[in-house]
Protein chains: 2
Amino acid sequence: MSLHTSSTSAVLAGARSASLSETDRLDASTDRSGYVSQSLPDGVVFAETTDDVVSTLRLATAHRTPIVTRGAGTGLAAGASARSGEVVLDVSRMNKILRIDPVEQLAVVEPGALNADLNAAVGEYGLFYAPDPASTSICSIGGNVATNAGGMRCAKYGVTRDAVLSLNVVLADGRQLRTGRETMKGVSGYDLNALIVGSEGTLGVVTEATLRLRPLPVATATVAAFFPDFATAAQAASAVIASRIQPSMLELIDGQTLEAIDMAMGTTYRSQGGAFLLAQTDGYGAHLEQDVLIEAIRPLATSIEKANDDEHAAELVTARREAIPCLEKLGRVSIGDIGVPRGRLAEVAVGLNDISERTGVRIYSVVHASDGNLHPMLVLNPEDSVTEGPAKVALGEMFYLAKSLGGTLTGEHGIGLLKRDWLLPELGEVSLDVMRSIKDAIDPHGLLNPGKAI
Amino acid sequence: MSLHTSSTSAVLAGARSASLSETDRLDASTDRSGYVSQSLPDGVVFAETTDDVVSTLRLATAHRTPIVTRGAGTGLAAGASARSGEVVLDVSRMNKILRIDPVEQLAVVEPGALNADLNAAVGEYGLFYAPDPASTSICSIGGNVATNAGGMRCAKYGVTRDAVLSLNVVLADGRQLRTGRETMKGVSGYDLNALIVGSEGTLGVVTEATLRLRPLPVATATVAAFFPDFATAAQAASAVIASRIQPSMLELIDGQTLEAIDMAMGTTYRSQGGAFLLAQTDGYGAHLEQDVLIEAIRPLATSIEKANDDEHAAELVTARREAIPCLEKLGRVSIGDIGVPRGRLAEVAVGLNDISERTGVRIYSVVHASDGNLHPMLVLNPEDSVTEGPAKVALGEMFYLAKSLGGTLTGEHGIGLLKRDWLLPELGEVSLDVMRSIKDAIDPHGLLNPGKAI
């Protein structure tokens, strides 16, 4: 029996649409991180309009009810996993694309709009929305904003923070905050856009996002290269950075992940090498940049192949995007998200190998190499926990490995519940203290996504 | 006699190096905005190390002394203009470039380092620091961070916020806060980097900045074009945006500013047209992009000329950079900084004309056209005030013109003291209230740059 039961009832009773069903509550207790809540949330409110969000949050403040905002549920850090005593505010039905302005190259969307749906809609105007998590077809913009999501092309085109021009945010007390502006530049007052982006639902509920779009590149050049092993491919990625071109995509996949992709998709990547680098350059200089890239990796590669056409290129990108679903066929997957200085990728490759040997956990890696962001994926037995035992030890060792190389705990997935234990060593006391004072200032009763992120 | 006299004395007496001289206090009461404080600050502390900053702020907190941090003094919004009862914390002597890492493409600098000096130093490694205010040779990185400074190439390469990886910040109570990280990506906790950048010295004192560098482009192509008038040149700039290339520079200068440049520099720009557009493209596709750009502006231009060589290109850029000093020969200059959606530049051109006619204030405009950021410069008689009379009316009308077009009060100079009157209509009550609650949380005694920015 939770302390909050009477308060959660009042919030659920006051909603236009709410569910107490076990299915809905079970769904809302998880995400794609492998984390399992010990209890179920008290119920789920389905918001369809900003007014719905306002009235739920007003009730929540009146009754001091903890609220966990939820979108598509594709998070990888248990940032939206709710538990007993909490009400889930599900905004997935708020999924409209409200406006596309091809002249100013921006779009206004509701938080439940899927990343891929936005890209399909703006593609008709010859534009694209840059942040592209591997989960693009199932993740929503609200979650992208909550975690400051990145993706494959963000080294060239920026992460979610760089694409958010303005947000409508409902605060815990129901007031509506408009952050940012529709112009490209602006410096009046503090940067509340950037404060909300990546705050994992702890400061407010985003009900509308104005996003910067970009013209689709006039040309894209794709290269697929194989290397004897992960460390050599990592060296090749560093050589690309050192060659001073700006790839729009530079994705590295290790040998065992290639095997898993081959098994699931019927491809034959692993037979071609022990690690794979997928590199794209784009824009007016795409092919000139490709030439430089190929020269940079040639001394290290066992084979280098240019994609013949768009179809071939799309096939290669799909293999990379499907890495996680392919691994999920092998067991329960817990996905790491460490970042390191770009010149140190080869050292991480070696370190991850050590960690796997020491802990006995199988580690598969895909890497956004052009910004030093690695996703080492732990593949566990279905009955294994991601929050204790060898998986927890391995996650912790991965963090300290990254830290020892001047890196970070999380590049683009966030802290959620999964990584809270390493937040203090990551940030230090003063930093955490400042963040908590900001949280207290904006959400004084601590109602929004309690216990997550900071 | 100020309320704070005894407290300021204690802070000044406790400093390793301080000045009570009238010259130093007079310097610290102004910047380049034309704003004149009604009184002088009580004294100036010269910090040479982070420890100096820590000890001054500890004393300031103990004695509740208001502190105005100051760098090179080149601000354009009276953000560092101090007055009676305040102590100035001058960090201009902290001007070392502490580290350049060509592999990771980053530099660590002290706040007093000049923007141009940093660019000269990293240029030896084939790198550049992107934000480039027109004042690059005299402005310091600390001030760039405080105002989230932009410049001419930021539409392609980003503003200061996009270049700041990490900061060391001394808080009002003397604690040291490390924001951000050295990796390209990272999402642990709130984005304190972005919160400090642009906060105009109201949240802490930056004593070290880790900055992202970029490889110098392999090629740059420069075009100079003339148009019958400002509105037509603005239309041409919008046509460039619509052509879907990404210029690295797209600077527009109106006819009367050309006249002022000609008078001061002995050039003959005005005789060639009523408005001037300076456009650069760079990188591997520089010349292909230039071809597209020229096609886009051809129907509107009276003449288009490619720069023959680097020297010719540098000459054109210098004319743009020197616009403000040239205007300063004509009178006291007060510089506007409005931003509008990029497709609406021509409407602003017409609106500014109206404002000039109605108020009788001469308005000269230079424009960062690729991000819709205009600097309409009021040229006043030397005895005229920038904070009352026709200048104030004109500044206010400029803001409401920008607002009516979906724009903003300030693109890259900040609010300071000069634009406080329009902050509420710009941001709205909820936004200002949230900002003030953040200020209270981080600087609870309100000691840092009181009355500025928010």
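This briefing covers the interface between chain A and chain B and then a sheet of chain B with the helices that lie across it. The model is a predicted one. In it, the two chains bury about 6,200 Å² between them, with 58% of that area on carbon and sulfur atoms, and the contact draws 81 residues from chain A and 81 residues from chain B. In chain B, seven strands form an open sheet with antiparallel pairing.

**Interface: area and composition**

- On the side of chain A, the residues that lose the most area to chain B are A:Lys185, A:Tyr190 and A:Tyr284, which together account for 16% of what that side buries.
- Sorted by class, the side of chain A that touches chain B consists of 34 nonpolar, 28 polar and 19 charged residues.

**Interface: polar links and contributing elements**

- The rule for salt bridges finds nine of them across the interface of chain A and chain B, and one of the salt bridges joins B:Lys185 to A:Asp371, where the closest N and O atoms are 3.4 Å apart.
- Across the interface of chain A and chain B there are also 28 residue pairs in polar contact, both residues being at pLDDT 80 or more.
- The elements of chain A that give two or more residues to the side touching chain B include strand S9 (176-180), helix H11 (286-297), helix H16 (423-427) and helix H17 (429-442), and H17(A) gives the most, with ten residues.

**The sheet of chain B**

- The strand order in this open sheet of chain B is S15-S12-S14-S13-S17-S18-S16, and neighbouring strands are turned by 15 degrees against each other on average, direction ignored.
- Strand S15 (303-306) and strand S16 (332-335) of chain B stand at the edges and have a single partner strand each, so one side of each is left without a neighbour in the sheet.
- Within the sheet, strand S12 (residues 220-227) and strand S14 (residues 275-282) of chain B run antiparallel and are joined by eight bridges, and B:Thr222 has B:Gln280 in S14(B) as its bridge partner.

**Helices across the sheet**

- Helix H10 (residues 255-265) of chain B lies across S12, strand S13 (249-254), S14 and strand S17 (362-368) of chain B, and runs at about 85 degrees to S13(B).
- Helix H12 (residues 310-321) of chain B lies across S12, S13, S14, S15, S17 and strand S18 (373-380) of chain B, and its direction is at about 125 degrees to S14(B).

Note on methods: Residues are numbered from 1 along each chain as its sequence is written. Chains are lettered from A and ligands numbered from 1 in the order in which they are written. This is a predicted model: local features need pLDDT of at least 70, side-chain atom pairs count only at pLDDT 80 or more; totals for chains, interfaces and linings use all residues. Side-chain values use heavy atoms; hydrogens and water are left out. Contact means heavy atoms within 4.5 Å. Buried area is the accessible area (1.4 Å probe) that two parts lose on being put together, summed over both. A salt bridge is a side-chain nitrogen of Lys or Arg within 4 Å of a carboxyl oxygen of Asp or Glu. A polar contact is a pair of N or O atoms within 3.5 Å; within protein, one must be able to donate a hydrogen and the other to accept it, and residues adjacent in sequence count only if both atoms are side-chain atoms. Helices (H or I, at least four residues) and strands (E, at least two) are DSSP runs, numbered from the N terminus. Ala, Val, Leu, Ile, Met, Phe, Trp, Tyr, Cys and Pro count as nonpolar, Asp, Glu, Lys and Arg as charged, and the others, Gly among them, as polar. Two strands pair if DSSP finds at least two bridges between them. Axes are lines fitted to C-alpha atoms, for helices over the stretch in contact, and angles run from 0 to 180 degrees between N-to-C directions.
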